[in-house]
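Colleague: Please take a close look at one part of this model. Start with the open space, then move to the packing beside one helix.

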Amino acid sequence: MRSTAPRPVPTPALRLDRGSPVPLYFQMAQQLEAAILAGDLSSGSRLENELELAARYKLSRPTVRQAIQHLVDKGLLVRRRGVGTQVVQSQVRRPLELSSLYDDLAAAGRGPRTRVLELGPVPAEGEAAEQLGVAPGTEVLRLRRLRLTGGEPLALMTNHLPAGLLEVTAADLEEHGLYETLRAAGINLRIAHQTIGARAATAAEARLLDERRGAPLLTMTRTAYDDKGAAVEYGAHVYRADRYAFSHTLVGK
């Protein structure tokens with residue numbers, strides 16, 4: 001059963017300069033964005049509807065709708081059927097480094113939480129067998145986890161490890177990130193090959209990530225190697241595109 005929708009919160013007072021060449025919708029969007037980033041409009045807050053906002057700020061409904069859409073496109077607001085327009089958490093921007101999502105969220109104070117969906121041995125097949133350098137059918141350890149932050153699902157992660165490499169329980173994975181667990185076991189990650197892409201969510205992924213079927217997802221596959229050059233982990237992860245981005249710096253030659 002769906003929970004009761006939160007009551008709408010009054011939006012802060014906005015200073016709209018009607019004589020400015022800056023469009024009113026953009027002025028409204030900028031000031032609402034500042035209120036969201038400052039925490040004045042917290043994650044999960046539901047805004048008043050367009051008619052109420054238009055009356056509050058003495059604007060036309062199309063102007064309000066354009067301002068709201070601008071923030072929806074930036075990933076700061078989301079429209080939910082039967083709920084209305086809600087503030088969402090700011091997008092997680094992850095550096096392209098050899099670190100785990102758990103480590104990055106914890107370092108940013110984002111309170112990572114993990115739900116273990118699967119943990120056990122399976123026969124290696126396809127890409128997992130190839131990337132780990134084992135024959136198809138060889139037993140490997142498969143982990144499937146849902147990573148959440150701020151009470152909302154962010155990523156669905158599937159990882160394969162060579163059999164016997166690591167003794168780990170679901171409780172371990174709920175308390176610690178995979179790379180932290182590997183390091184604690186004396187496994188030194190040295191290098192990884194990673195590919196980033198995008199695709200539409202399947203029905204099963206959409207259900208777990210609280211998205212609609214066909215919603216855009218970011219994808220990442222990674223094979224990590226230890227300091228001896230052995231493949232120790234193959235991961236295939238999907239991320240909510242409205243909540244997640246990869247960030248890196250490019251340097252000219």
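**The second largest pocket, then helix 3**

Modeller: Strand 8 (152-162), strand 10 (216-226) and strand 11 (231-240) each supply at least two residues of the lining of the second largest pocket. This is a predicted model; local features need pLDDT of at least 70, side-chain atom pairs count only at pLDDT 80 or more, and totals for chains, interfaces and linings use all residues. Residues are numbered from 1 along each chain as written, and side-chain values use heavy atoms, without hydrogens or water.

Strand 11 gives the most to this lining, four residues (strands are DSSP E runs of at least two residues, helices H or I runs of at least four, numbered from the N terminus). The lining of the pocket has 13 residues in total (an open set of points on a 1 Å grid where a 1.4 Å probe fits, with protein on both sides within 12 Å along at least five of seven lines; lining residues have an atom within 4 Å of a point). Nearest its centre lie Thr-158, Arg-199, Ala-236, His-237 and Val-238. By type, the lining has five nonpolar, five polar and three charged residues (Asp, Glu, Lys and Arg are charged; Ala, Val, Leu, Ile, Met, Phe, Trp, Tyr, Cys and Pro nonpolar; the others polar).

Now helix 3, residues 61-73. Helix 1, residues 24-37, packs on helix 3 at about 45°, with the axes 8 Å apart. Helix 1 and helix 3 are therefore oblique (not under 35, over 145 or from 65 to 115 degrees). Leu-24, Tyr-25, Phe-26, Met-28, Ala-29, Leu-32 and Glu-33 of helix 1 meet Thr-63, Val-64, Gln-66, Ala-67, His-70 and Leu-71 of helix 3 (heavy atoms within 4.5 Å). That contact holds nine nonpolar residues, three polar and one charged.

Helix 2, residues 50-57, also packs on helix 3. Here the angle is about 110° and the axes are 9 Å apart. Helix 2 and helix 3 are therefore roughly perpendicular. Glu-50, Leu-51, Leu-53 and Ala-54 of helix 2 touch Arg-61, Val-64, Arg-65 and Ile-68 of helix 3. This contact has five nonpolar residues, no polar ones and three charged.

Key
Axes are lines fitted to C-alpha atoms, for helices over the stretch in contact, and angles run from 0 to 180 degrees between N-to-C directions.
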